[in-house]
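Q: Could you take me through the surroundings of ligand 2 in close detail? I'd like to know which residues come nearest, and how that spot fits in with the rest of the chain.

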Amino acid sequence: MATLQPGNSLSVDTDMATAVDSLRLHGGTKLTNPLTSSAPGVASPVVGRSSRAYTMSELPSFMVSAPGKVIVYGEHAVVYGKGAIAAAISLRSYLLVTPYPKPSRTLTLRFSDIGLDHSWEIDVLPWKAFAAPGKKRYYFDSLERLDPMLMKALKPFIDVIPGKVLQAAATSFLFLFMMIGNQHSPAAIYTMRSTIPIGAGLGSSASIAVCLSAALQLQGGTLAKPFKGMMPHETQLQLKRINNWAFVGEMCIHGNPSGVDNTVATGGKAVFFKRDDYSQPPEVTHLADFPELPLLLVNTKQSRSTAEEVAKVRSLLESHDGITNLMLDTIDKITTEAHSIISSPDFSSAAGSPDIVRLGELIRINHGILVSLGVSHPKLERIRELVDFAGIGWTKLTGAGGGGCSITLLKPNLKPEVLQGLEQRLSDEGFEKYETTLGGAGVGVLWPATTVDELGREGEITQDMFLEADGVKGVENLVGVSSGGKRKWRFWREWVPEDDGGR
Ligand SMILES: Nc1ncnc2c1ncn2[C@@H]1O[C@H](COP(=O)(O)OP(=O)(O)OP(=O)(O)O)[C@@H](O)[C@H]1O
Ligand SMILES: C[C@@](O)(CCO)CC(=O)[O-]
């Protein structure tokens, strides 16, 4: 166990040794002023690797990133202890952490996707309330619910921010900062950009919660950056801590999450997830052989709040408990059956295999029940109608519904012109198709936040460059995790061998 001392010095025992070692590797010289901005799109030169050095109280700018997800089976039912299958996608959130030079005591959030630009002074935050007897939690703790007294203590700091969307994101940050950090935590700017559409069922909130959890624990020195040769049990421990606090961040955003979104955003790839007792850790099976299912992902562009959709099912349970429970049990059976099809050693997604048809039928049935639970939307039904009319696959909503996205499992060997015709129709009706792959990497870190330009020079990724990157493509080009060697993103991974180039 490690404890944080005033001024951010560390007292260390076993699992912290690696964190400290990786920090020591950098020991000594100062990094260039982190607030120095270069011209847009031009990396500021940094000193060579051997002379770059940081101490615990003087960290470099760094980035963390976490993916969004699609729920393939089981959303909503998973809130009530039923199984769900979810996979990470290649759309991701990226968080740049830039330390303020001393003696600043300021925290700044620049979450530009939602227009949040807000600062607090660390010293005036309600530390007393958070240090009261029984309130303090440590980085190795888990929380199952938010303490109303602590939320009340944060309220004046959140109420000055306009609108629910911004307040939810700010609460998630501030609550985690107060829990994971302390009064002596470093002053910093947190700049967030995401390529995940917000409120569209693709786990945008979980993705940012994972980024915040990982970044704050890295800053606190309580998390070891992943390195080649990290023992599997240590990797699991780090992931568990990131996930535990990301769950808390998710609670701040939508009240009563099951934990499936943050679990897949933390670990990546795909999971079977079930949590029937919220005082216990969930049952999580990593689906290492999750097949590359041919999916069409379409956004209705109808935004909604996950909290409100979850509340709809809760109220149906209150008014029709017997029938609603039967529907949730049926979703559980659907997920279990899909899990056994996918996990079978004989599973095949080749043309003519009955497995894809069975998975497709389960998708269709799952959607039908979600409609009955009241969480579809006329726009989702319109997409399903267009896909059914084209006869190309099986469609369901994904995530909380009420708008957001649909997924279609495509039939094998489709004629390209049929698919193109459908895509054109969807676009004509104002829907947006997403190109994404399933089963992406989980949480990763880029430490320090540097990239290599066209001439092979390594340079710092500044806030201006990050904020000015143009759209999804601009963000992916500048900081994306699939960088072809331009950036050294590293991932905590449970299920791949360590010799994959350190990624
Ligand atoms: N890029 C972002 N920057 C800042 N805050 C964000 C960002 N993306 C999401 N959020 C926060 O998460 C909230 C959206 O969460 P919500 O759970 O409603 O949708 P979702 O996570 O996209 O969908 P689902 O839970 O169905 O997958 C926003 O209101 C905002 O507070
Ligand atoms: C609707 C829901 O099941 C999925 C949201 O992505 C809510 C949750 O699991 O927290």
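A: In this predicted model, ligand 2 has 14 residues around it, and the nearest are Glu-75, Pro-257, Ser-258, Gly-399 and Ala-400. Two helices, α7 (260-267) and α8 (306-319), each give two or more residues to that shell. Sort the shell by class and you get seven nonpolar, five polar and two charged residues.

Now for where those residues sit in the chain. The domain assignment splits the protein into domain 1 (3-278 + 442-491) and domain 2 (285-434), and the shell around ligand 2 takes at least three residues from each of them. Where the two domains touch, domain 1 puts in 29 residues and domain 2 puts in 35. On the domain 1 side, the elements giving two or more residues are β4 (62-73), β5 (84-99) and β9 (270-274). That side is made up of 15 nonpolar, eleven polar and three charged residues.

Gly-399, one of the residues nearest ligand 2, also turns up among the closest residues to ligand 1, along with Ser-194, Ser-204, Ser-205 and Thr-306. The shell around ligand 1 counts 27 residues, and here too at least three come from each domain. Its class split is 13 nonpolar, twelve polar and two charged. As for elements, α4 (164-180), β8 (188-194), α5 (204-220) and α6 (232-254) each supply at least two residues to the ligand 1 shell, with α5 giving the largest share, four residues.

There's a database record to set beside this: an unreviewed UniProt entry puts a "GHMP kinase C-terminal" domain feature at residues 353-422. That stretch is 56% helix and 17% strand in the model, with its end C-alpha atoms 24 Å apart.

Lastly, the packing. The largest nonpolar core holds 127 residues, and Met-63, Val-70, Ala-86, Leu-95, Leu-176, Val-210 and Ala-214 have the most contacts inside it. Like the two ligand shells, this core draws at least three residues from each domain. Nonpolar side chains tend to be buried together in soluble globular proteins. Take Leu-95 as an example: leaving out residues up to four places away in sequence, Leu-95 touches Met-63, Val-64, Tyr-190, Met-192, Cys-211, Leu-212 and Ala-215.

Key
Residues are numbered from 1 along each chain as its sequence is written. Chains are lettered from A and ligands numbered from 1 in the order in which they are written. This is a predicted model: local features need pLDDT of at least 70, side-chain atom pairs count only at pLDDT 80 or more; totals for chains, interfaces and linings use all residues. Domain bounds come from an automatic or database domain assignment. Two residues are in contact if their C-beta atoms, placed from the backbone, lie within 7 Å. Ala, Val, Leu, Ile, Met, Phe, Trp, Tyr, Cys and Pro count as nonpolar, Asp, Glu, Lys and Arg as charged, and the others, Gly among them, as polar. A residue is near a molecule or strand if its C-beta atom, placed from the backbone, lies within 6 Å of it. UniProt positions are given in the numbering used here, feature names are shortened, and annotations may be inferred rather than shown by experiment. A nonpolar core is a set of buried Ala, Val, Leu, Ile, Met, Phe, Trp, Tyr and Cys residues joined through C-beta atoms within 7 Å. A residue is buried if 20 or more other C-beta atoms lie within 10 Å of its own, exposed if 12 or fewer, and partly exposed in between; C-beta atoms are placed from the backbone.
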